[in-house]
Amino acid sequence: MAGRRKAEIQLQMHIESQEEWEDLLSKEGLNVIDVYQEWCGPCTGMVSNFKKIKNEMGDPLLKFCTAKADMIDSLDKYRGHCEPCFLFYAGGCLVAVVRGANSPKILRTITEQLKQEHKCLDGGSERKEIKDPFIAQLESKEKETEKEEEEEEEEMNRLRYKGEIINYGDTLEISEGVKEVTVALIKPDAVEAGKVDQILEDIKAAGIEILKHEERKLTEDEVRQFYSHLQDQDFFEDLVKFMTSGPSHVLALTKGKTGENIIDEFRDLIGPTDVEEAKTQKPESLRAKHGQQTFMNALHGSSSADMATRELAFFFPDFVAPHVDGKAPKLQRTLALVRPEAFRLHKDEIISKIRESGFKVAMQKEMQLTKEMAEEFYKEHTGQEYFDQLVTNMSSGPVLALGLAREDAIEGWRSMLGPKEVDKAKEEAPESLRAKFAVDDAINSLHGSDSEDTAKKELDFFFPMEQTVAVIKPDAEGTKDEIIDRIHEAGFKIAARKETKLTKEIAEEFYADHKDKDYYNDLVEHMTSGPTYLMVLSREGAVDGWRSLIGPTDPTQAKEVSPDSIRATYGKSILENAVHGSSDPEHAKKTIKTIFGDLKFTPDGTALETIDEEAEKDEEDKPVSDSTRDAEESSPEVKSQQLEEQRAKEEETRQETPKEETKEEEKTEEQPSTEESKEEQSKEEQQEEKQEEAPKEEKTEEETKAPSPKPSETEAKPSESEAQPQSETETKPEEQQQEESKTEEKPSEETEQKTEESTAQGEEKKEETQSEEKAPDTQTTEESKEEEKKEETKPEGGD
């Protein structure tokens, strides 16, 4: 079994690290690589086929390998997509891919590519490098997904106002601007041989900058952790012993303005991992010059960006990569407070010291605190013995509040302040601000925030969230991204933004304050000459803060007074000075409403998207034109609906009629007794008529078809209760009857239903009447019947 395993190892080389992968690709020949992940292992079913192919061909250029994608950065795309997968590499180039354990196809590919490799080595042909189609498709899908997610996120923050697109929310990313860095190790064999200085000179001669350099002897635990990816190799224990045998030199390296490609360039400088191969293929490489054998190859270099990051954290945990030239680090902000007496006596000196220490005064405000405001600001100190004295001091006169910005603003400012106790500050830090500008030994003269959270709260107290308008003018379009970076670095949030070409009317309104100036017309013309980028910026003290950041109007003056300002950096003239800012909060509010609509903002400065709601409301309130209304009313659907509504109203009227009769009868009973006999007789007649209505239900349908005769005006008209059960056609005008007869060829079912409902109501009415009155005499009932018969036989048309 051991012999069989040994034969397999000899057949396939096992690659399990990025370094071994790169070493493999640096060698000539055709490498058939089985890419796998640890959870599934290599394709062992193909091993016997590979043996057969190797024995039959007997070609030294043909090599079989396995590569664990989990441990090799160059194969990260195959993780989750590699079973089974065979890559064909020749001279470091991917020349073919076979997916699946397809033995005939693999054999055919080996034969073709081996023949091609011989031609390339003989100079008769060139290698044709390919990209794995599956991986290419995967990368394409990933890019599409990322793009869709970005577009979706952008769309969620995009609305239309006055025909233009406005982006809400600060989705712009600040440029990191950090240089690429790699890690280098000068191993114990080179140190012992005294070659460190020569290696350092060679590194510098290649234009590489050494950012960090430490000499240290690695412990066994450090070596085992650092080379953990090689722990399965036979030589691992020897490697551990070698790396702990003496001191090593650890370097952090970069190159040029950005450090781009430093990892690949340094690995090219040191050469192949194998010393003998380095001497043959790259005799000028550092490993060829200073290495001995195998892992005793003088130097190590990070194999990838991820590996460089891990190795930097391993050897230099506190290391901060330098920023790209011209890219400043993100600034931190803190509150500086100069108390009343120090403000009165030493204001200018304190501000001068602040600027000399590299702080930027982003916000500045002089104000008089009331006792209540001082108590609110120092409420966390309530209960301390010095609290009342502190509140009295802070409300005794105007204070100076400053928003300071620097990379380490909080710690830097507190370091300048010195100890809180004045006596201690004078004794331990006599150069500190609290010692130099002490006025009262009981209370120090200056205050500083002690953390980022505290700084935010205190800045909000003195500089509430505010909005201003920022404009990147047409002349600065090419430096837009850099200016946006500066905006973010200064702590502004871009609450809304849009790019447009200003109309003359908007430009004139924008610069209405300059209308009397000689340059007004030129300014309007310039602002309408090309694309303009308009933004709403949110921050504490946004108006003054933005104007401080952009500097004086004249770029020449800005370079003298505020050399780091935006206008000093990007401005060309008073007209083409790169940017614009609102002059005061009221002007900012007016401009925001003109350009972006009636925006509302949350306490953190985020714009609320209210435009759509207003647009919808306007659309709902918009009056309907006469032509639109006429078109709607003329449609058959509308006519049919109107007819149904009319019928429904008539039905409601009929149903309410019996109730009205009952009320009239109740009122009639209260009248004088002289009329009681007549009323009783009338009611008795009505009751008799209703009793006869029940057998007439069968005739109702026939009566509905033909128009019933109209009663004479001189005759006694039937009561409303008698008319109620009659057909619907009796109560409608002739024109309406004709219209309905066209649409209804058969008897109306609705009419039958209404007649039945009317009859039922009449019977209910009859029961109510019987309960209130006495039964009529027989003679009266007979007279009623005779009168009814006369009416039925009366000819149409009355008298």
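Let me start with Lys420. Leaving aside neighbours within four places in sequence, Lys420 is in contact with Arg414, Arg434 and Asn444. Keep in mind that this is a predicted model. Where does Lys420 sit? In the loop between α17 and α18, the latter being residues 422-428. Lys420 has a relative accessible area of 51%, so it counts as exposed. One distance to go with that. The C-alpha atoms of Lys420 and Ala435 are separated by 9.7 Å, and the two residues are 15 apart along the chain.

Now the sheet next to that loop's helix in our tour. Four strands, 4 in the order β13-β14-β12-β15, make an open sheet with antiparallel pairing. The edges are β13, residues 360-368, and β15, residues 446-448; each of these pairs on one side only. From one strand to the next, the twist averages 20 degrees. Helix α17, residues 409-417, packs on this sheet. α17 touches β12, β14 and β15, and its direction makes about 30 degrees with that of β12. Look inside the sheet. β12, residues 332-338, and β14, residues 398-406, pair in the antiparallel sense over 7 bridges. For a register mark, take Ala336, which stands opposite Leu402 in β14.

A general reminder before the next sheet. Strands of a sheet pair through backbone hydrogen bonds, either parallel or antiparallel.

On to another open sheet. This one has 4 strands in the order β9-β10-β8-β11, and the pairing is antiparallel. Which strands are at the edges? β9 and β11, with β11 covering residues 299-301; each pairs on one side only. The twist here averages 20 degrees from one strand to the next.

Let's walk across, pair by pair. β9, residues 208-216, pairs with β10 in the antiparallel sense over 8 bridges. Glu209 has Thr254 in β10 as its bridge partner. Next, β8 and β10 run antiparallel and are joined by 5 bridges. There, Ile186 stands opposite His249 in β10. Finally, β8 and β11 pair in the antiparallel sense over 3 bridges. Leu185 stands opposite His300 in β11.

How many residues of β10 are buried? 7 of its 8, so β10 is mostly covered. Helix α7, residues 196-205, lies across β8, β9, β10 and β11. α7 runs at about 160 degrees to β9.

Stay with β10 for one more partner, helix α9. α9 spans residues 236-243, and its buried residues are Phe236, Leu239, Val240, Phe242 and Met243. Why do we say they line one face? Because, seen down the axis of α9, the buried residues fall within an arc of 165 degrees. What covers them? The cover includes β8 at 182-186, α6 at 188-192, α8 at 220-226 and β10 at 248-255.

Next topic, aromatics. A search of the whole structure finds 13 aromatic pairs. Take Phe377 and Phe462. Their ring centres are 5.1 Å apart and their planes stand at 70 degrees, so the pair is edge-to-face. This pair links distant parts of the chain. Phe377 is in helix α15, residues 371-377, and Phe462 is in helix α20, residues 452-462, with the two positions 85 residues apart. Both Phe377 and Phe462 are buried.

Phe462 has a second ring partner to show you, Phe461. The ring centres of Phe461 and Phe462 are 5.0 Å apart, with planes at 70 degrees, so this pair is also edge-to-face. Are these two buried or partly exposed? Phe461 is at 29% relative accessibility, so it counts as partly exposed. Phe462 is at 1%, so it counts as buried. Elsewhere, Phe226, Tyr227, Phe314 and Phe315 form one aromatic cluster.

Last stop, His526. His526 is in helix α23, residues 520-527. Its relative accessible area is 10%, so His526 is buried. What does the His526 side chain pair with? The side chain of Asp475, through a polar contact of 2.8 Å. Not counting residues up to four places away in sequence, His526 touches Lys473, Pro474, Asp475, Leu575 and Glu576. So Asp475 appears twice, once in the polar contact and once among the residues touched.

Notes. Residues are numbered from 1 along each chain as its sequence is written. This is a predicted model: local features need pLDDT of at least 70, side-chain atom pairs count only at pLDDT 80 or more; totals for chains, interfaces and linings use all residues. Side-chain values use heavy atoms; hydrogens and water are left out. Buried means under 20% relative accessible area, exposed over 50%, partly exposed in between (1.4 Å probe, protein chains only). A polar contact is a pair of N or O atoms within 3.5 Å; within protein, one must be able to donate a hydrogen and the other to accept it, and residues adjacent in sequence count only if both atoms are side-chain atoms. Contact means heavy atoms within 4.5 Å. The arc is that of the directions from the helix axis to the C-beta atoms. Two strands pair if DSSP finds at least two bridges between them. Axes are lines fitted to C-alpha atoms, for helices over the stretch in contact, and angles run from 0 to 180 degrees between N-to-C directions. Rings of Phe, Tyr and Trp (its six-membered ring) pair if their centres lie within 6.5 Å; planes under 30 degrees apart count as stacked, over 60 as edge-to-face and the rest as tilted.
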